[in-house]
Amino acid sequence: MSIPEGLRSTPFSPRYPAGLQEWIDVYGFAVPLWVTDPESEYEAVRNRVGAIEYSMLFKWFVEGDDARGIVDAAVSRDIQRLPVGRIAYAVVVSDQGTMIDDVTVTVLADDLIVVAGGNPATEQIL
């Protein structure tokens, strides 16, 4: 596998098949545009199951007794009822209600939540 010059590998890079030709730059990391062919990958993600690598996203660890409340106030989804061990998609919004980032929220424990997204400005909301 040949990662384009100037880009970094991800933790999943060793699992990519040899011969990949189409790469994109995601925050300085090399990520394949597709692994098999775009049509079958789209169909799988839409209708069955697929894998999408997000290891290069920014991650914020919200810890403490009010971790749920802090995250709940920053996103458009009810995090208070999300069970431990679950992950959910949410949108981070500004005080004016405009979208800042789309994120995943993972509840590792009642006092430890991981928020992962692509906009570094999310950190100021959390």
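Here are some notes on this predicted model, for anyone opening it for the first time.

1. **The overall picture.** Start with the fold: the chain has 3 helices and 6 strands. Going along the sequence, they come in the order β-β-α-β-α-β-β-β-α. If you want a feel for the dimensions, the C-alpha atoms fill a box of roughly 50 × 35 × 30 Å along the principal axes.

2. **Inside and outside.** The chain has 126 residues, and 33% of them count as buried. About 8200 Å² is exposed, with carbon and sulfur atoms supplying 52% of that area. As for how the chain folds back on itself, take the contacts between residues at least 6 apart in sequence: 39% of these join residues at least 24 apart.

3. **Charges.** The chain carries 9 positive and 19 negative charges. How far apart are the mean positions of the two sets? They are separated by 7 Å. The structure holds 3 salt bridges, and points 4 to 6 go through them.

4. **Glu 43 and Arg 48.** In this salt bridge the closest N and O atoms are 2.2 Å apart. Glu 43 is partly exposed, at a relative accessible area of 31%. Its partner Arg 48 counts as exposed, with 57% relative accessibility.

5. **Asp 78 and Arg 81.** Here the closest N and O atoms of the salt bridge are 3.1 Å apart. Asp 78 is partly exposed because its relative accessibility of 37% falls between the cut-offs of 20% and 50%. Arg 81 is exposed, since its relative accessible area of 70% is over 50%.

6. **Asp 110 and Arg 68.** This is one to look at in the viewer. The two residues form a salt bridge, with 3.0 Å between the closest N and O atoms. The pair links distant parts of the chain: Asp 110 sits in the loop between E5 and E6, Arg 68 belongs to helix H2, and their positions lie 42 residues apart in the numbering.

7. **Arg 68 up close.** Is this arginine, Arg 68, buried or exposed? It counts as buried, because a relative accessibility of 11% is under the 20% cut-off. Leaving aside residues up to four places away in sequence, Arg 68 touches a run of residues made up of Ile 79, Gln 80, Arg 81, Leu 82, Pro 83 and Val 84. Val 107, Asp 110 and Ile 113 are also among the residues that Arg 68 touches. So the list includes Asp 110, its salt-bridge partner, as well as Arg 81, which pairs with Asp 78.

8. **The rest of helix H2.** Arg 68 has company: the buried residues of H2 are Ala 67, Arg 68, Gly 69, Val 71 and Ala 74. What do these buried residues pack against? Their partners are E3, strand E4 (87-93), strand E5 (99-109), strand E6 (112-117) and helix H3 (122-125).

9. **A negative patch.** On the surface, Glu 63, Asp 65, Asp 66 and Asp 111 form a negative patch. Asp 66 is placed in the loop between strand E3 (58-63) and helix H2 (67-74). With a relative accessible area of 48%, Asp 66 is partly exposed; the patch can include this residue because patch members need over 30%.

10. **A nonpolar patch.** Val 45, Ile 52 and Tyr 54 make up a nonpolar patch on the surface, and together they have about 300 Å² of accessible area. Val 45 is part of helix H1 (residues 38-47). At 45% relative accessibility, Val 45 is partly exposed.

11. **Ile 87 in strand E4.** Finally, have a look at Ile 87, which is found in strand E4. Is Ile 87 buried or exposed? Ile 87 counts as exposed, because its relative accessibility of 53% is over 50%. Ile 87 and Val 105 are 18 residues apart along the chain, and their C-alpha atoms are separated by 5.4 Å. Setting aside residues up to four places away in sequence, Ile 87 touches Thr 104, Val 105 and Thr 106.

Definitions and conventions. Residues numbered from 1 in each chain as written. Predicted model: local features only at pLDDT ≥ 70, side-chain atom pairs only at ≥ 80, totals over all residues. Heavy atoms only, no water. Patch = residues over 30% accessible without salt bridge, like charges linked within 9 Å, V, L, I, M, F, W, Y side chains within 5 Å. Areas by Shrake-Rupley, 256 points an atom, 1.4 Å probe, with all protein chains shown as cover. Salt bridge = Lys/Arg side-chain N within 4 Å of Asp/Glu carboxyl O. Lys, Arg positive; Asp, Glu negative; His and termini not counted. Charge placed at Lys NZ, Arg CZ, Asp CG, Glu CD. Helix = DSSP H or I, 4+ residues; strand = E, 2+ residues; numbered from the N terminus. Buried < 20%, exposed > 50% of the residue type's maximum accessible area, 1.4 Å probe, protein only. Contact = heavy atoms within 4.5 Å.
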